[in-house]
Amino acid sequence: MSFEMTKGLFKYDFTDQHAILGIPLDAEFNDIRKRYMKIARRLHSDTCSFESQADKDWANQFLSKVVNPAYNKFSKESDRKEYSLLLAAIAKRVVKEQAKMQIESEAAKQLATAQNWEEAYKTAVSKLALKQYESVKETEDAIAQISELNMVYLLRKERLGGGAVTPASPIKDVTPIKDATPTPTPTAIPTPTPPLPKVEDPQTEAYCRRAQGFMDSKSYAKAILELKEAVKRQPKHSKAHALLAMCYLEQNQATMAKLEMNKALASNPEEPTALEVKKKLEQVSAKAKKSDEKPGFFASLFGGKKK
């Protein structure tokens with residue numbers, strides 16, 4: 001898929017990650033994370049409620065290639081600092097080039113002359129974010145409008161910081177141009193992440209942590225109970241299925257171990273615990289095949305035949 005935007009801050013060869021996530025420019029990381037989780041559940045293939053298969057495919061790719069990279073920009077301190085510095089540079093450029101500024105959305109036009117503009121900005125962003133990921137069309141339209149709001153917000157804040165205007169002063173230089181069609185500027189697409197990204201859920205992770213503690217003390221029955229709750233919340237959680245596989249293996253329940261192992265690897269072929277279980281099962285099967293005795297339970301599980 002391609003994602004190109006030429007409105008708001010995107011026209012400055014800048015990927016507006018705030019607009020993609022539907023958050024104000026001064027959002028705290030906890031709020032950013034909560035917003036990301038909400039979007040991820042909305043777009044992920046397991047929970048997407050879009051009607052057509054084409055829209056569902058778009059949602060999954062948009063999550064992988066656009067939303068996840070946007071969130072990743074805020075996940076690491078070094079990336080946050082780099083992004084903040086770039087945003088500050090963009091703000092100065094917006095002020096410098098304000099005479100050529102073009103805004104189309106009604107929300108951005110109102111923000112340009114609003115008296116209590118900081119409150120008006122947050123209200124407008126919040127309103128657009130409510131329906132931002134309701135459909136493909138609304139997603140792209142909302143991102144464009146939020147980025148225009150971000151552009152006007154940066155202009156007013158930067159000019160206020162320089163003492164040029166007060167919050168009550170309208171921005172006379174921002175002249176909406178209805179028929180202007182800006183030359184499209186391709187927006188660089190961040191490096192794609194895997195098509196089926198793992199959506200982290202704090203409660204699911206808590207179940208896995210408690211299960212791991214029980215496993216360390218060899219209380220496998222208790223660990224299984226925790227992990228079953230985890231997969232109820234996220235049926236394709238590779239780590240939870242892998243831990244279940246290990247628990248069943250330790251209890252000599254090879255059939256269940258293989259079943260859970262396959263589920264884990266289906267969601268994540270590189271799941272380390274699942275690969276460990278697979279290796280152990282194969283080792284047991286190999287030993288059974290080499291013996292002169294009747295193939296045991298593990299050997300039959302892997303298709304062993306009587307000699």
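Select α8 together with α9 (220-233) and α10 (238-250): these two helices are part of what covers the buried residues of α8. Here, helices are DSSP runs of H or I with at least four residues, numbered from the N terminus, and buried means under 20% relative accessible area with a 1.4 Å probe, protein chains only. This is a predicted model, in which local features need pLDDT of at least 70 and side-chain atom pairs count only at pLDDT 80 or more, while totals for chains, interfaces and linings use all residues. Residues are numbered from 1 along each chain as its sequence is written, and side-chain values use heavy atoms, with hydrogens and water left out.

**Stop 1: helix α8**

Colour Thr 204, Glu 205, Ala 206, Tyr 207, Cys 208, Ala 211 and Met 215, the buried residues of α8. Now check the length of the helix. The expected span is 1.5 Å times one less than the number of residues. For the 15 residues of α8 (residues 202-216) that gives 21 Å, and the end C-alpha atoms are 21 Å apart, which agrees. Move on to Lys 218, just after α8, where phi is positive, about 60°.

**Stop 2: helix α11**

Select residues 254-267. These 14 residues form α11, with an expected span of 20 Å and end C-alpha atoms 20 Å apart, so the two agree. Its buried residues are Ala 254, Ala 257, Glu 260, Met 261, Ala 264 and Leu 265. Look down the helix axis: they fall within an arc of 135°, so they line one face of α11. The arc is taken from the directions between the helix axis and the C-beta atoms.

**Stop 3: the cores**

A nonpolar core is a set of buried Ala, Val, Leu, Ile, Met, Phe, Trp, Tyr and Cys residues joined through side-chain atoms within 4.5 Å. The largest has 54 residues, and Leu 9, Leu 43 and Val 67 have the most contacts inside it. Helix α7 (136-161) is among the elements that give two or more residues to this core; its share, 10 residues, is the largest. Apart from this core lies another, of 27 residues, including Ala 211, Ala 230, Leu 243 and Ala 274.

Which residues touch Leu 9, leaving aside neighbours within four places in sequence? Select Phe 14, Asp 16, Leu 87, Ile 90, Val 94, Ser 147, Asn 150, Met 151 and Leu 154, which are in contact with Leu 9, that is, with heavy atoms within 4.5 Å.

Conventions:
Buried < 20%, exposed > 50% of the residue type's maximum accessible area, 1.4 Å probe, protein only.
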